[in-house]
Amino acid sequence: MKDIDWAAMADLLELEGETHSPYVRQAVEELEDPAPQRILDIGSGPGVAASLLAAAFPKAEVTAVDGTPELLARAEERAERLGVEVRTKAAEFPAGLAGLEPADLVWSGQVVHHVGDQQGALDLLAGLLAPGGALTIVEGGLPERWLPRDLGFGRPGLQIRLDAAMADRFGRMRDELPGSVRVLEDWPGMLRAAGLADARSKTFLVDHPAPLADGPREFVRRQLERQRKGLADVLDAEDLATLDRLLDPADPAGIDHRQDLFLLAAKTVHFGRKPQS
Ligand SMILES: C[S@@+](CC[C@H](N)C(=O)[O-])C[C@H]1O[C@@H](n2cnc3c(N)ncnc32)[C@H](O)[C@@H]1O
């Protein structure tokens, strides 16, 4: 976790959260009965999900928990701007979770894969639940799609090659985490191993068709800029030139101007419940 500068990613994380928010809204509908009273968003980042949870359950006490104070400040600003109540608590995984009070709903989006021992992290998250409480984690799903396979120049299939390079980098990131343990990433199975019942997965689409509105378009730009920088030594010259054209604000075929730019993602949410006794 220390190798990633989370505070520097605040804008990107908030933009990503906003762009992907349709899946959070759909997943929250699965959690309405019984309505949770105490909610923890573990690894909340800038609090997009925490604010959506607070809006969906206005009577609940919602706490955003994260190891990056700058992101918690964002979560507070966001909640205030949206007129919802979200508390914040700075805590580093795993030690900082020990003092938290039991919750009826623990939400943790795209966080567990940043912890070396993923089963250990799920065990800890399950330990935060009151009897009957629900644990909801977001992991897996499908990589995003933004452009047609043949985008009119360069070698077709750029996104598949970006996915492959990103998957490789993800594997290295996991290998280098402190206490990294390899585990069969069967998320419902891992929720069961953490002592939870009714484990299941459901996948939600994030579908922003072309032409893209400004927010999702900016998100695609930020992602592409990050990939251009981070994958410069693994992509070939032709793909790098294609990315440069896409990112050139003056190029009519660049992402700032394209009418065919879309954003399609599939986010998988895994649910489990702590037995009543
Ligand atoms: C990929 S972001 C996810 C943000 C948000 N949950 C979402 O779905 O967009 C991961 C978040 O987990 C936090 N995080 C990662 N590892 C952590 C650790 N060991 N202790 C505390 N927070 C951690 C980071 O600060 C960051 O906000």
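A polar contact here is a pair of N or O atoms within 3.5 Å; inside the protein, one of them must be able to donate a hydrogen and the other to accept it. Keep that handy for the exercises below, and remember that you're working with a predicted model.

**Exercise 1.** Find what a side-chain oxygen of Asp-117 reaches at the start of H4.

*Solution.* Begin at Asp-117 and look for a backbone nitrogen: the one you want belongs to Gln-119, and the side-chain oxygen comes to within 3.4 Å of it. Now apply the cut-off of 3.5 Å for a polar contact. The Asp-117 to Gln-119 pair, within 3.4 Å, makes the cut.

**Exercise 2.** Work out how the buried residues of helix H4 are arranged around its axis.

*Solution.* First, list them: across residues 118–126, the buried ones are Gln-118, Gln-119, Ala-121, Leu-122, Leu-125 and Ala-126. Next, sight down the H4 axis: these residues fall within an arc of 155 degrees, so they line one face of the helix. Finally, see what covers them: strands E1 (38–42), E4 (103–109) and E5 (129–138) are included, along with helices H5 (158–176) and H6 (187–193).

**Exercise 3.** Describe the polar contacts of the ligand and the shell around it.

*Solution.* Take the ligand nitrogens first. One nitrogen atom sits 2.7 Å from a polar backbone atom of Gly-43, and a backbone N or O atom of Gly-67 is 3.2 Å from a ligand nitrogen. Then turn to oxygen: a ligand oxygen lies 2.9 Å from a side-chain N or O atom of Thr-68. As for cover, the ligand taken alone exposes 590 Å², and the protein buries 92% of that. Last, sort the shell by class: seven nonpolar, eight polar and two charged residues. Of the 17 residues around the ligand, those coming nearest are Gly-43, Asp-66, Thr-68, Phe-93 and Gly-109.

Key
Residues numbered from 1 in each chain as written. Predicted model: local features only at pLDDT ≥ 70, side-chain atom pairs only at ≥ 80, totals over all residues. Heavy atoms only, no water. Near = heavy atom within 4 Å. Areas by Shrake-Rupley, 256 points an atom, 1.4 Å probe, with all protein chains shown as cover. Nonpolar A, V, L, I, M, F, W, Y, C, P; charged D, E, K, R; others polar. Buried < 20%, exposed > 50% of the residue type's maximum accessible area, 1.4 Å probe, protein only. Helix = DSSP H or I, 4+ residues; strand = E, 2+ residues; numbered from the N terminus. Arc of directions from axis to C-beta. Contact = heavy atoms within 4.5 Å.
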